[in-house]
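Colleague: I should like to go through this model with you, one feature at a time. May I put my questions in turn?

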Amino acid sequence: MDQVIIASAAVGAVFSILILIALANRAGRVKWLNRAADIASFGTGLPRWAALPSAVLVVSLLSAVFGLYWDISLHLSAGRDEGPLANPSHYFILVGLLGSFSAGVLACTMVKPGVKPSPFALRLAEGWHAPLGGVLIAASAAFGLVGFPLDDVWHRLFGQDVTLWGPTHLLMLAGASLTLIGQAILLVEGVRANEASGVATRIGPRRTAIANRIRRGCAAGGILVALSIYQGEFDFGIPQFQLVFQPIMLMVAAGIALTLGRVWAGRGGALIAVGLFVVTRGALTLIVSGVFDRPVAHFPIYLGSALAVEGVGLLMATSVTRAPIKFALAAGAAIGTVGLAWEWAWSHVWMVFPWPEALWPEGAIAGFVAAISGACIGVWIGNSLMMRPRIAGAARFAPVLGAVAIMALVGYGLNEQRPAGGITAQGTTETVETGKPGRWITATAKLDSRYFD
């Protein structure tokens, strides 16, 4: 508990310093923060209150996701750690969460007094309006930060679980992931502010359109990276749950992020998202596995799903803007067939566990439903970010039904049933010397179950 207290005190000190700097900058007593914001604004073309927080958030999330994959690989190769401060990867996660919270605070405090940055800005006090995206980033990061000290408390109370899907882990993952939705909204607010002030006209409509398309596609790619984090147990080959969860999670991620990218960024948006995903996950794998010589985190490609979404977008160009749910159903069906088949084949090329015949047809049906459900949510988000008319009529229930269907699929996956013949294992152990107290062994087990021969 001493490490939990130390870490919590350090976070409290950083919070206090951050708030003091932000308030001093708002009062005009700190100049260097505005200079940094000017540099970020010059490089991105966004207002200062959107440019600098976005840059801070990107760096922070990269730190957090690097720390996460390094953390998992450390546990796989070196065992459990002795506390939250005993593992070097934890520092990257903590810095990433703190940086994400800082990005939200900066967005809320860098707006000039008396200025309303966007029509969606929230009034915090008299003469103080904060961009909605900044508020969501700060709130989501704070939610994730709560999981950091609670994680060690959880392990002290209930033991060292070995699943990525532990409750405190999910607190941190969900908090960090939701900051990307806040960033997307902040981007929309920044672009609208530029349009209102005439900045977009000075830059030029063509350059502005290209920059916005790349930004939006990359934002969708960031969301794809975030949604793929939950697949970590399968990526490293240490799943604690049924294999049917892998196609479900893959299709949910593809359905949400790729349709969002296509609707929000336009043609090529899904491909831009996949490109950013592959570059990010590839770099993380090279660093963690190549530089640090830790276990490899395999990952899906999503290229088949992206091509399917782009193909449907070309065939149903008018539906993307005028009948978004119709496009969502078609794109989701394409992801759930073409995209699922692509990932099924890819599992036999590079994934740890090739999808076996026993997964058919259960995995195909569950994946198809997951893809359509995710697509309804992704299209709804993209349509909202584009500021298009709200989805009306019976179609407005599609995103809600999609969320309910995903929750039902999770419940279905958690309802494990033992095979008729039971589960058997043949195991061997070998004692190893570690220099640590207690008896340490290396165990090898061969399982005979529903999915493994």
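The questions and answers below concern selected helices and loops of this predicted model.

Colleague: What distance separates the end C-alpha atoms of helix 1, and what span is expected?

Modeller: Helix 1 covers residues 2-26, which is 25 residues. At 1.5 Å a residue it should span 36 Å. The distance between its end C-alpha atoms agrees with this expectation, being 36 Å.

Colleague: Against which elements do the buried residues of helix 1 pack?

Modeller: The buried residues of helix 1 are Val4, Ala7, Val11, Leu18, Ala22, Ala24, Asn25 and Arg26. Just after the helix, Gly28 takes a positive phi of about 85°. The partners of those buried residues are helix 2 (32-44), helix 4 (88-109), strand 2 (128-130) and helix 5 (132-158).

Colleague: How many residues of helix 3 are buried?

Modeller: Helix 3 comprises the 31 residues 48-78; its end C-alpha atoms lie 44 Å apart, in agreement with an expected 45 Å. Gly79, just after this helix, has a positive phi of about 85°. Helix 3 is largely enclosed by the rest of the structure, because the number of its residues that are buried is 22 of 31.

Colleague: Is helix 10 parallel or oblique to helix 12?

Modeller: The axes of helix 10 (residues 245-265) and helix 12 (residues 303-315) come within 10 Å and cross at roughly 40°. Angles under 35 degrees count as roughly parallel, and 65 to 115 as roughly perpendicular. The crossing angle therefore makes the relation of helix 10 to helix 12 oblique.

Colleague: How do the residues of the contact of helix 10 with helix 12 divide into nonpolar, polar and charged?

Modeller: Helix 10 contributes Met251, Ala254, Leu258, Thr259 and Arg262, which meet Ser305, Ala306, Val309, Glu310, Gly313 and Leu314 of helix 12. Sorted by type, the residues of this contact are 6 nonpolar, 3 polar and 2 charged.

Colleague: Is Tyr302 buried or exposed?

Modeller: Tyr302 lies in the loop between helix 11 (269-291) and helix 12. Although it is not a glycine, it has a positive phi of about 65°. Its relative accessible area is 0%, and buried means under 20%, so Tyr302 is buried.

Colleague: Is Met387 buried or partly exposed?

Modeller: Met387 is placed in the loop between helix 15 and helix 16. Its phi is near 60°, a positive value in a residue other than glycine. Because its relative accessibility is 40%, Met387 counts as partly exposed.

Colleague: Is the peptide bond from Trp360 to Pro361 cis or trans?

Modeller: Pro361 is located in the loop between helix 14 (324-347) and helix 15 (362-385). The peptide bond that leads from Trp360 to Pro361 has omega near 0°, and it is cis.

Colleague: Which residues does Pro399 touch, not counting residues up to four places away in sequence?

Modeller: Pro399 is part of helix 16 (residues 398-414). At 8% relative accessibility, Pro399 counts as buried. With residues up to four places away in sequence left out, the residues it touches are Cys376, Ile377 and Trp380.

Colleague: What is the C-alpha to C-alpha distance between Pro399 and Leu250?

Modeller: Pro399 and Leu250 are 149 residues apart in sequence. In space, their C-alpha to C-alpha distance is 18 Å.

How values were computed:
Residues numbered from 1 in each chain as written. Predicted model: local features only at pLDDT ≥ 70, side-chain atom pairs only at ≥ 80, totals over all residues. Heavy atoms only, no water. Helix = DSSP H or I, 4+ residues; strand = E, 2+ residues; numbered from the N terminus. Buried < 20%, exposed > 50% of the residue type's maximum accessible area, 1.4 Å probe, protein only. Contact = heavy atoms within 4.5 Å. Expected span 1.5 Å × (residues − 1). Axes fitted to C-alpha atoms, helices over the stretch in contact; angles between N-to-C directions. Parallel < 35°, antiparallel > 145°, perpendicular 65-115°, else oblique. Nonpolar A, V, L, I, M, F, W, Y, C, P; charged D, E, K, R; others polar.
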